[in-house]
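Reader: Could you take me through one part of this structure up close? I'd like a relaxed but careful look at it.

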Amino acid sequence: MAAEPSTSSIFPRTDWAELDRAADADAARLDRLIRLYWQPLKIFLMATFPSLKNQADTLLQDFAEDKLLKEGWLRKADQNRGRFRDFLKTSLRNFVLDHLNRAEVKNPPVSLEELEQEPAQPDDLSEAFDLAWARTVLAETLRRMEADCKNPGEDQPRRGHIWEMFRLRLLEPVFNDTAPPAYDQLIDRFGLKSPTDASNTLLSAKRIFKAHLSKVIKEYAGQDAAAAIEIQALEDFLARLAKRS
Amino acid sequence: MPDFDSSAAVFKSRANKLATLLATGGERARLWRPDELAAIFRHQMSAPMLVDLGTFDPRNATRLRTLSEAQGLLLKSFSELFHHPAPPIELLELIKDFAKANMDHPESGLPDEIAATLYYTSIAAALVRLDESISRLPDADLQRGLRWTMEQAWLDEKSRELLAEALEKASGTRKGAVS
């Protein structure tokens, strides 16, 4: 089954084939699916019910056990009923509201007035969610890239240099506003033999970054084409936000 | 230097920095700044030829070594070859091909300006040192290329003189084999 079409949101597009398998399969696969959606759901929960942020993990755990791990629940996420992510979000929202209604009799966790004020503006909520998602994807990409470069195979003795060059030339200037080291300094530091050697090291870094980015996204988007669309959506979304800031 | 925590950096950064990371992390983004071209050119000229040319065409590595060491020529760097009174023409041709391949390759990391300078300087060295043409470029294009290379601010004086001499020759009647 094909992944659902692209949307403006960068929330993971549903891989329905994976979902079908997940619905039928073992606990390990379900666990992976839950962990995959855990962080976005937590962000969604906290943004939708700000007063429950201290209980977010517990509520999500309950949601996972009561809903996601319940046999047959995932089958309800029928493609014909809409996007899986919307289904998941609606389910979580209803689950939390049920939880609040049940708890209200004994010890109301929030006042009615507070609840009425709870929902954030849909656009803000969506952007906050998407930005958090983008951060998660990029952080995971860089974490994997660093681990990959710092644990090279015996046939890749210079792979450690790739991460260092990437960090010095790109990451630190972007995130810390530091000046990138001059070309001459790179020659000495990394023993670069020629400009081609230097360029290839930096190009390799970019390729490794891109490969890990694709892999991280493919794990939830499913197929190559969906992952490529997702990367573009990520770029467009961040560029749009950057223009406004 | 304290460890760089990429995850912390990402989570505390605003969208504009994340957008910059994606844009500059992309392969299409320029690798080097224009103000680094002088250092890159110096590095290129002092780099051992075997490093670049041997990688460019590994089958030629042995031939390159033989050529560069033949007849007592201790040609180790690009600069030494260009400024040798009698450089082996095969080496100049190989450099020209290496430079051309980099100019034509969309994924080449070598700045176009450096690749183009190598290209025209190899042609200039053949013209001036050997009185040979190793280029099929029309005269006008060759002269334009030589002139453009001479005008690069980061070029060293020796190379500029070589190019000026070649331009003078190219402005007259060219002779010699064309390959």
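Reader: Let's zoom in on Asp131(B): does Asp131(B) count as buried or exposed, and why?

Author: Keep in mind that this is a predicted model. Asp131(B) counts as exposed, because just 11 C-beta neighbours fall inside 10 Å, and the cut-off for exposed is 12 or fewer. As for where to find Asp131(B), look in the loop of chain B that runs between α8 (112-130) and α9 (139-150). The backbone there is worth a glance too: Asp131(B) has a positive phi of about 60°, although Asp131(B) is not a glycine.

Now hop over to chain A and look at Asp177(A). Asp177(A) also isn't a glycine, and its phi is positive, about 55°. You'll find Asp177(A) in the loop between α8 (159-176) and α9 (183-190) of chain A. With 8 C-beta neighbours inside 10 Å, Asp177(A) counts as exposed, again because the limit is 12 or fewer.

While we have both chains in view, here is how they meet. On chain A, 38 residues are in contact with 34 residues of chain B. The elements of chain A that put two or more residues into that side are α7 (122-150), α8, α9, α10 (195-221) and α11 (224-244). Of these, α10(A) gives the most, with 11 residues. By type, the chain A side that touches chain B splits into 21 nonpolar, 12 charged and 5 polar residues. So α8 and α9 of chain A, the helices on either side of the loop with Asp177(A), are both among the elements that give two or more residues to the side touching chain B.

Conventions: Residues are numbered from 1 along each chain as its sequence is written. Chains are lettered from A and ligands numbered from 1 in the order in which they are written. This is a predicted model: local features need pLDDT of at least 70, side-chain atom pairs count only at pLDDT 80 or more; totals for chains, interfaces and linings use all residues. Helices (H or I, at least four residues) and strands (E, at least two) are DSSP runs, numbered from the N terminus. A residue is buried if 20 or more other C-beta atoms lie within 10 Å of its own, exposed if 12 or fewer, and partly exposed in between; C-beta atoms are placed from the backbone. Two residues are in contact if their C-beta atoms, placed from the backbone, lie within 7 Å. Ala, Val, Leu, Ile, Met, Phe, Trp, Tyr, Cys and Pro count as nonpolar, Asp, Glu, Lys and Arg as charged, and the others, Gly among them, as polar.
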